[in-house]
Amino acid sequence: MKEQWGNHYRFVKKHPNIDVLILSLEWKELPFMHLHQTLVEYNQLEERFPHEYNELKHAFCTMLFRIIEYLNSGQPVTKLYDLPEGSEERLKIHQQFETLRPRGFDYLASSFEQIYYL
């Protein structure tokens with residue numbers, strides 16, 4: 001497994017796009033269909049709201065990269081996007097997150113939630 005995450009880490013450093021980053025969710029042992037639907041919904045979010053959800057999208061991609069980075073270096077996979085309580089960015093992320101499910105982004109919300117609160 002360590003070699004697998006090492007290879008994935010090297011690959012994602014060269015190609016840090018969401019299509020590659022999303023594979024880090026395999027660590028949570030989510031079914032492939034969940035990963036696929038998360039990617040579909042992320043792309044739909046980008047298409048429908050290109051100038052919104054910037055903080056949430058940035059946080060999600062950062063956390064996905066950090067999963068791979070932490071697994072590769074043997075660190076515990078926790079506190080992937082640790083922001084101070086009450087910080088403006090944290091508040092924006094929470095506000096954006098709260099609108100995902102009502103807008104039909106259930107898989108994306110689920111995936112985000114599973115790694116944001118580690």
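# A guided tour, beginning at Thr38

Select Thr38 and display its neighbours: leaving aside residues up to four places away in sequence, Thr38 touches Ile22, Leu25, Phe60, Tyr107, Leu108 and Ser111. The model on display is a predicted one. Thr38 itself belongs to helix α3. Thr38 has a relative accessible area of 0%, and because buried means under 20%, this residue counts as buried.

**The whole chain**

Next, select the complete protein and show it as a cartoon. Six helices and zero strands appear, and from the N terminus on the elements follow the order α-α-α-α-α-α. The radius of gyration is 14 Å, close to the 13 Å that the globule rule gives for 118 residues, so the protein is as compact as a globular protein of that length. Along its principal axes, the C-alpha trace spans about 40 × 30 × 25 Å.

Switch to a surface display. The accessible surface comes to about 6800 Å², and carbon and sulfur atoms account for 52% of that area. Of the 118 residues, 44% are buried. If contacts are drawn between residues at least 6 apart in sequence, 61% of them join residues at least 24 apart.

**Colouring by confidence**

Colour the model by pLDDT. The mean for the protein is 94, and 99% of the residues reach 70 or more. Which helix has the lowest confidence, and which the highest? Confidence is lowest in helix α1, residues 2-14, with a mean of 86, and highest in α3, with a mean of 98.

**Helix α6**

Now select residues 106-116, which form helix α6. Its buried residues are Leu108, Ala109, Ser110, Ser111, Phe112, Ile115 and Tyr116. Two of the residues touched by Thr38, Leu108 and Ser111, are therefore among the buried residues of α6. To see what covers the buried residues of this helix, add α3 (32-48), α4 (54-73) and α5 (88-98), which are included in that cover.

**Where α5 meets α6**

Keep α5 and α6 and hide the remainder. Two packed helices are described by the angle between their axes and the distance between the axes. Here the axes of α5 and α6 come within 11 Å and cross at roughly 145 degrees. Show side chains at the contact: Arg90, Ile93, His94 and Phe97 of α5 meet Ala109, Phe112, Glu113 and Tyr116 of α6. Sorted by class, this contact has five nonpolar, one polar and two charged residues. Ala109, Phe112 and Tyr116, already selected among the buried residues of α6, take part in this contact with α5.

Key:
Residues numbered from 1 in each chain as written. Predicted model: local features only at pLDDT ≥ 70, side-chain atom pairs only at ≥ 80, totals over all residues. Heavy atoms only, no water. Buried < 20%, exposed > 50% of the residue type's maximum accessible area, 1.4 Å probe, protein only. Helix = DSSP H or I, 4+ residues; strand = E, 2+ residues; numbered from the N terminus. Contact = heavy atoms within 4.5 Å. pLDDT = per-residue confidence, 0-100. Axes fitted to C-alpha atoms, helices over the stretch in contact; angles between N-to-C directions. Nonpolar A, V, L, I, M, F, W, Y, C, P; charged D, E, K, R; others polar. Rg over C-alpha atoms; globule rule 2.2 N^0.38 Å. Areas by Shrake-Rupley, 256 points an atom, 1.4 Å probe, with all protein chains shown as cover.
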